[in-house]
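I opened the notebook today to follow one residue inward and see what surrounds it. Here is the structure I worked from, for anyone who wants to look along.

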Amino acid sequence: MPIVEEARAKINLALHVTGRRADGYHDLDMLVAFADVGDSVTLATSDTDRFTIDGPMAAGLSADADNLVLRAVQGFRERIGPTEPLSVRLIKRLPVASGIGGGSADAAATLRGLCRLQGIDANDHALASLALSLGADVPMCLAGQPARVTGVGERIEPTAGQLAFGLLLVNPRVGVSTPAVFRALERRDNPGLPALPALGTIDDLSTFLAEKTRNDLEAPARAIAPVIGEVLAALGSLPGIRLSRMSGSGATCFGLFADRSSAEAAGARLEADHPNWWVAPASTTL
Ligand code: C5P
């Protein structure tokens with residue numbers, strides 16, 4: 001029986017760059033949520049290894065050994081244990097290189113699927129270190145729950161997940177290089193996030209995010225891809241929006257809404273004005 005794992009989009013509700021390590025990686029302090037839109041990874045035992053990519057965003061990716069899905073399979077075999085030959089299918093719905101963790105979520109979904117296939121506990125210590133070796137965002141995608149995340153991405157403190165709200169994800173179909181955005185930062189010693197207050201309503205959340213938090217990668221990403229400014233301006237003028245911000249190193253931006261149906265109504269308006277942008281309404285929790 002094939003195993004299907006969802007690779008949900010990772011949204012950085014806040015991202016503070018708090019330092020730089022000797023290895024060039026940055027210390028971050030982030031608030032992360034997962035949207036109910038994403039890629040999916042299907043795994044099944046097979047007579048020989050096979051890997052296929054399809055879905056609306058498949059054209060942006062090649063199915064070579066550099067693909068994070070294949071690197072996850074290879075890492076699993078080397079560091080966790082051998083597997084039978086596998087047929088792996090990636091359905092790519094999220095834009096590539098877009099700040100919502102698509103490749104990291106795909107790698108994490110592959111690891112979760114392999115654990116199910118092999119009957120291994122996904123909390124395994126070796127698995128956490130394999131996840132981090134595949135990318136700084138892979139551990140949080142493996143956990144797959146809303147969290148405050150620090151370090152380079154390896155320290156994960158889940159939040160209550162009790163507050164549900166809507167999101168509108170918007171990408172202008174421009175890929176942004178994450179290393180280039182980090183290189184363009186002017187400051188790398190920003191203050192971290194304040195303690196998360198009690199979040200009873202969407203107003204509590206949007207006020208906290210707007211007044212106390214930022215995405216420190218937004219300014220350098222906008223300098224590299226000015227269209228991000230257009231996306232944020234378009235989002236900001238939509239009815240019902242509570243906050244607009246860029247996720248990760250961009251170019252995907254998100255709008256915060258009270259619920260999914262408000263995000264859907266705003267998304268329909270945005271799509272009519274910008275038919276070439278990728279627009280995805282979603283639900284999430286924090
Ligand atoms: O770990 P990953 O391959 O996803 O990171 C991509 C790039 O993003 C790294 O090569 C590095 O330039 C940058 N990065 C960073 N600090 C982090 C995460 C990523 O500098 N905490």
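Entry 1. I started with isoleucine 11 and asked whether it is buried or exposed. This is a predicted model, so everything I note here is read from predicted coordinates. I counted 25 other C-beta atoms within 10 Å of isoleucine 11. The cut-off for buried is 20 or more, so isoleucine 11 is buried.

Entry 2. I looked up where isoleucine 11 sits, and found it in strand β1, which covers residues 3–20. Leaving out residues up to four places away in sequence, isoleucine 11 touches Val32, Ala33, Ala35, Ile100, Leu167, Ser247, Phe254 and Thr284.

Entry 3. Next I checked the largest nonpolar core, which has 80 residues. Ile11 is among those with the most contacts inside it, along with Val32, Ala108, Leu111, Leu167, Leu168 and Leu169. Which strand gives the most to this core? I found that strand β2 (residues 26–45) does, with nine residues. The core also draws at least three residues from each of domain 1 (3–158) and domain 2 (164–285).

Entry 4. I then turned to leucine 169 from that list. Not counting residues up to four places away in sequence, leucine 169 touches Ala9, Ala35, Val37, Ile100, Thr252, Phe254, Ala280 and Ala282.

Entry 5. Last, I looked at the annotation: an unreviewed UniProt entry lists residues 196–272 as "domain: GHMP kinase C-terminal". Over that stretch I noted 53% helix and 12% strand, and the end C-alpha atoms of residues 196–272 are 37 Å apart.

Key: Residues are numbered from 1 along each chain as its sequence is written. This is a predicted model: local features need pLDDT of at least 70, side-chain atom pairs count only at pLDDT 80 or more; totals for chains, interfaces and linings use all residues. Helices (H or I, at least four residues) and strands (E, at least two) are DSSP runs, numbered from the N terminus. A residue is buried if 20 or more other C-beta atoms lie within 10 Å of its own, exposed if 12 or fewer, and partly exposed in between; C-beta atoms are placed from the backbone. Two residues are in contact if their C-beta atoms, placed from the backbone, lie within 7 Å. UniProt positions are given in the numbering used here, feature names are shortened, and annotations may be inferred rather than shown by experiment. A nonpolar core is a set of buried Ala, Val, Leu, Ile, Met, Phe, Trp, Tyr and Cys residues joined through C-beta atoms within 7 Å. Domain bounds come from an automatic or database domain assignment.
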